[in-house]
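Got the viewer open? Let's walk through this one stop at a time, selecting as we go.

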Amino acid sequence: MRRILVIFAHPKFEHSEVNQALINSISNLENVELRDLYELYPDFNVSIQAEQEALFQAEVIIWHHPIYWYSCPPLLKQWIDLVLEFGWAYGPGGTYLKGKSVLNVITSGGSDHAYSKEGRNQHPIEDFLLPFEHTAKLCLMNYLAPFHISGTHRISASELVLKAESYKDFVTQLRDSDAINRPLRLQTLRS
Amino acid sequence: MNGFLGNAIIYILAAIVCVPLAKRLGMGSVLGYLLAGILIGPYLLGFITNEDQGQDMMHATEFGVVMMLFLIGLELDPKNLWKIRDLIVRIGLSQMLVTAALVFGIGILLHIQWQTALAISLSMALSSTAIVLQSLKERNQMNSQLGKMSFGVLLMQDIAVIPILAILPLLVPTNTEITSTSGQMHGLLDNLPGWAQTVSIFGAIAIVIVLGRYGFGPLLNFVAKTRLRELFTASALLIVVGIAYLMELVGLSPALGAFLAGVILANSPYRHALESDLEPFKGLLLGLFFMAVGSTINFSLIYNEAGTVFSLTLGILLLKTIILLVLGKIKKLSLSTNLSFAIGLSQVGEFSFVTYAFAQQLGIFSQSISDTLMAVTALSMTISPILMVVFDKFILSLLTKIPDSKEQNMDNISEKNKVILIGFGHFGSTLGRFLRASGVEATILDSDPDRIDYLRKMGFKVYFGDGTRGELLESAGAGEASILISAIDNTEYSMRLVELCRKEFPHLEVMIRAKNRFDAFELMEMGATNIYREHLDTSIKMGEDVLKKLGFRAYTVHRLAKQFHDYDEASLKVLIKYKNNQAEYISKTRQQIEMQEALLSGEMMRKFSVNDHTWDSDTIKEAAQSEK
C-alpha cells in the first residue's frame, strides 16, 4: 500500500462544488494524506519543515488544483518555491524526492476540446503543465500524465458524482496497484 | 561693576556677544569664550581688574573639565575603553615621554636648572582636554579616527597628571623649606608616610568603583521614584562633586576620578538622564573656564617680553605638532587627518596651570618663570584654535581632494541606534523584542525605576528618562536616529512628544501608539501620520479566529480581516470630519453614541462588502451558459 500525499490548493474552496465533490471522495481513504494549503497557510507563510516531512513519507504526490490563467493558484507556486529547496529536493545532496511519483489533478472550466490543437487554447493541457513536469524531473521524480476534469462550467450534478467516483478509484489504484504504469502523456493513455 | 550679580552680567554678556560671533565666523565656541575673556580682561575693557581674579575664576570653573570627563566616561563603557587601550598606552605614552624629553633637553641646553626644566617639560607635554574635546564634539568628530586618536592621547595625559603631581615634590631643590602645602591639590594625606598615601590612593579608586557599581544606581533609583526632577539633577551633581572631592583628598586628579565613575555608570539605566542633566552645567562651567583663561593672559608681560613669550609659544606649538605628526604617521593617518590631529593637540593644557601653581608653591619655579609659562600656556590655548580654523578653512580643502578610504575602517566608540523606543511596558517590550529578534537594536527609555530595574535583570538595556524632554532625547541619540516610537499608554504624553519632535527633530519619523479612535483623532489633527490603535489588530485577529471556528475558510477570513482593517483605518479619515460637530455641552457619553452612529452611517456609505467576486466562477458560468 503506497502512501499518497494530496497537496490541495484552492483559494475559494467553499465556492467550488466540483472540487468539494472531488475532495470529499478521497478525504477518508486510508494512507491518503490531504494537505489543504489555503487552510493551512492563509498568510502564505508555508512551513517548509512540515511540508518536507509530509513529502518524505509519501510515495505518490498529487498537486490538486484548479487551472487559473493556464497555471496553478499562487499559494501552490509559493509552496513549490519554498518547499523544494536546493540541497533537499534538487542540487547536490537534494535526493529526498528521488523516485517518487508526482502528477497534477486539475479542474478546468474549458473542455477537453478547448485544450487541443484545434481548440481555443491551441495546446493540449500537458503543454501548459510543462513547468510542473520539469520541476518533477529536476527533483528526479517520475512525472505522470495529469488527471484532468474539464468543462466544470457546464458539469451536471450526475456527471459530477461519476467524476468524483473516478477520482476516488484513480487514487485507490495509485495506492494499491503493484506497479504504477501511467504514461507521461494523456495521448498515449487514450490510444 | 562689582558683586556677584554684576560679575555674572559681565561674563554672560561677553559670552553672548563673542560666542555667536565666533561661531558665525566659523570658529568654535572655545575661541569665542577665550576672546570674550580677553575682552573683559584687565587689558581691554578692564572689567576684571587683575589676573588673580581671573585665576580664581579659573580654579573655580576647572570643575567644568571634571564634569566633561564624567560625561565622556558615560559615553564609553568599559568594553569600548578596552578596545582603545592600545591607542591610549602606545600613542599617548609616546607623546608624553617624547615631548617631555625634548623640552627637557632644550631646557638643559638653555642652562635652566634640571629640576625646573623637568617640571616645565612635564607640564608642557600636556594638551588641553577642554579645548580639544569641546571642538571635536562641536564638529561631531568624536567617533572618527581623529576623535579617537585625540581622545587616547588626552586620556593618557589625564592619567599622567597623577605621577607628575607625585614627582614634583621630589624635585624640590635641597635647602628650600616648604612652609605650607595648603595647595588645592594636596589634602589630608600629606602628613602620612608614603606607603599609607599609596594605600589611600588605591582605596579611593576602589571606593569610586564600588560606589559606581553598587552605590549610585540605588541612589538614583531612590531619587527617581520621588519624580522630582531637580532632586535628580542634584544627585547627579552630588556624584560628580563627591568624586572630585574624594580624589582631591588623596591628591589624585578629580577629572580622572570623574572619568572613571562615568565609565562605570556608562552601562547604567540613568546614563542618558545623567547626561542631559549635567550637560548645561558642564557647558556653562567650561565656558566660564575658557573666559577665565582668556582674562588671565598677561598682556603687559607679553608686551614687555614679546620676543621670549612668542618664541616660546610658537616653539612649543611647533615642537608638539611635529611629535604628534610623527606619531600620526606611525599610526598611518592620512595627511589631512594627521595635520588636524597634530595641530589640534599642539597647545599646552589647563592642567598645566595646576602644575605651575604647585611647582611655584614647592619653590621649583620662581614667580617670573611661572608668569611666563602661564602667559605661554594661555597664548598657546588661544592660538591653537585659531590655527585649527585657518587649517580647516584654507589647507584642508586643498588636501581633501585626494580621497582616503582608510578612515572608514575604524569601528565606532559608541554606536547610536536608528530607533528610539519610549515606554517599555507590555506594548513596548513586545515591540522591542520583535525588533531585537529582527536584529534591530533600539535605544529604550522608560520612566518607571522599578520596571527598569526588573528589565535590566532580564537583559534589556533600558534607560531612565522622560522622553518629552528635548535634551534627554538628544542624548539618547535623537539627532542621529531615524525613527522614534512612542509605546506609552498616555496620549497627552504622546502629543507632547509629537510636538517636541516636530520642533526639534523634524527628521524623525514618529510612530505612536494610540488608545482608541478618539486619541487617534487628536494625534491626526496634530499632523501625526503613523498612528497605531492598540486594540485594533488584536480584536480583528480574535474575530478571524471566531469566523474560522464557525467553519469559514482560513484564507477567506484572512483576506476579510485585512480588508476590514484597511476599511477601518480609512474610515477614520472620513469620520474625523464629524468629530467636532458636537456642541460643547454634550456629555462625553452622548458624544460616544453619536460617534458610533456616524461610524455606522459611514459603514453604510462605504458599503463594506463581505462578498467579492474574486475566484467566483458563477459569473463565468452564466456567461458560458448564455453562449450556448
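Start with helix H6 (residues 85-109) of chain B and helix H15 (residues 306-330) of chain B: the axes of these two helices come within 10 Å and cross at roughly 145 degrees. Keep in mind as you look around that this is a predicted model. The crossing of H6(B) and H15(B) is right-handed. To see who meets whom, show side chains for B:Ile91, B:Ser94, B:Gln95, B:Val98, B:Thr99 and B:Leu102 on H6(B), then for B:Leu319, B:Lys320, B:Ile323, B:Leu324 and B:Leu327 on H15(B). Colour that contact by class and you get 7 nonpolar, 3 polar and 1 charged residues.

Stay on H6(B) and add helix H7 (residues 114-124) of chain B; these two pack at an angle of about 145 degrees, with axes 8 Å apart. Here, too, the crossing is right-handed. From H6(B), select B:Thr99, B:Ala100, B:Val103, B:Phe104, B:Gly107 and B:Ile108; from H7(B), the residues in the contact include B:Trp114, B:Leu118 and B:Met124. The class count for H6(B) with H7(B) is 10 nonpolar, 3 polar and no charged residues. Notice B:Thr99, which appears in the contact with H7(B) and also in the one with H15(B).

Now zoom out to the whole of chain B. How many helices and strands does chain B have? There are 27 helices and 6 strands. Of its 628 residues, 40% are buried. If you draw the contacts in chain B with a separation of 6 or more, 73% of them link residues 24 or more positions apart.

**The sheet of chain B**

Select the strands next. The 6 strands form an open sheet with parallel pairing, in the order S3-S2-S1-S4-S5-S6. S3 (462-464) and S6 of chain B are the edge strands, each with a single partner, so each has one side without a neighbour in the sheet. Look along the sheet for its twist: on average, neighbouring strands are turned by 20 degrees against each other, direction ignored.

Two helices to add on top of this view are H19 and H20. Helix H19 (residues 426-437) of chain B lies across S1, S2, S4 and S5 of chain B, and runs at about 155 degrees to S1(B). Helix H20 (residues 449-457) of chain B packs on the sheet where it touches S2 and S3 of chain B, its direction making about 155 degrees with that of S3(B).

Slide over to S4 (residues 483-486) and S5 (residues 509-514) of chain B, a parallel pair joined over 4 bridges. Click B:Leu484 and its bridge partner in S5(B), B:Val510; then find B:Ile485, which stands opposite B:Met511. To follow the chain between these strands, show helix H22 (residues 491-504) of chain B: together, S4(B), H22(B) and S5(B) make a right-handed β-α-β unit.

One step further, S5(B) pairs in the parallel sense with S6 (residues 530-533) of chain B, again over 4 bridges. B:Met511 has B:Asn530 as its bridge partner in S6(B). The path from S5(B) to S6(B) goes through helix H23 (residues 517-525) of chain B, in a right-handed β-α-β crossover.

**Where the chains meet**

Show both chains. The contact takes 12 residues from chain B and 12 residues from chain A. On the chain B side, helix H25 (554-575) and helix H27 (617-627) are the elements that give two or more residues, and H25(B) supplies the largest share, 5 residues. By class, the chain B side has 6 nonpolar, 3 polar and 3 charged residues.

Pick B:Tyr555, found in H25(B). Is B:Tyr555 buried or exposed? B:Tyr555 counts as buried, because it has 25 C-beta neighbours inside 10 Å, and the cut-off for buried is 20 or more. Beyond its neighbours within four places in sequence, B:Tyr555 is in contact with A:Pro11, A:Tyr38, A:Glu39 and A:Pro42.

**Last stop: chain A**

Select S1 (residues 4-8) of chain A. This strand is largely enclosed by the rest of the structure, because 5 of its 5 residues are buried. A:Ile4, A:Val6 and A:Phe8 point one way, and A:Leu5 and A:Ile7 the other.

Add S2 (residues 32-36) of chain A, which runs parallel to S1(A) and is joined to it by 5 bridges; A:Leu5 has A:Glu33 as its bridge partner there. The crossover from S1(A) to S2(A) passes through helix H1 (residues 17-26) of chain A and is right-handed. Finish with S3 (residues 60-66) of chain A, which pairs with S1(A) in the parallel sense over 5 bridges, with A:Trp63 as the bridge partner of A:Ile7.

How values were computed: Residues are numbered from 1 along each chain as its sequence is written. Chains are lettered from A and ligands numbered from 1 in the order in which they are written. This is a predicted model: local features need pLDDT of at least 70, side-chain atom pairs count only at pLDDT 80 or more; totals for chains, interfaces and linings use all residues. Two strands pair if DSSP finds at least two bridges between them. A crossover is right-handed if, with the strands pointing away from the viewer, the path from the first strand over the helix to the second runs clockwise. Two residues are in contact if their C-beta atoms, placed from the backbone, lie within 7 Å. Ala, Val, Leu, Ile, Met, Phe, Trp, Tyr, Cys and Pro count as nonpolar, Asp, Glu, Lys and Arg as charged, and the others, Gly among them, as polar. Axes are lines fitted to C-alpha atoms, for helices over the stretch in contact, and angles run from 0 to 180 degrees between N-to-C directions. A crossing is left-handed if the near helix is turned anticlockwise from the far one by less than a right angle, and right-handed if clockwise. A residue is buried if 20 or more other C-beta atoms lie within 10 Å of its own, exposed if 12 or fewer, and partly exposed in between; C-beta atoms are placed from the backbone.
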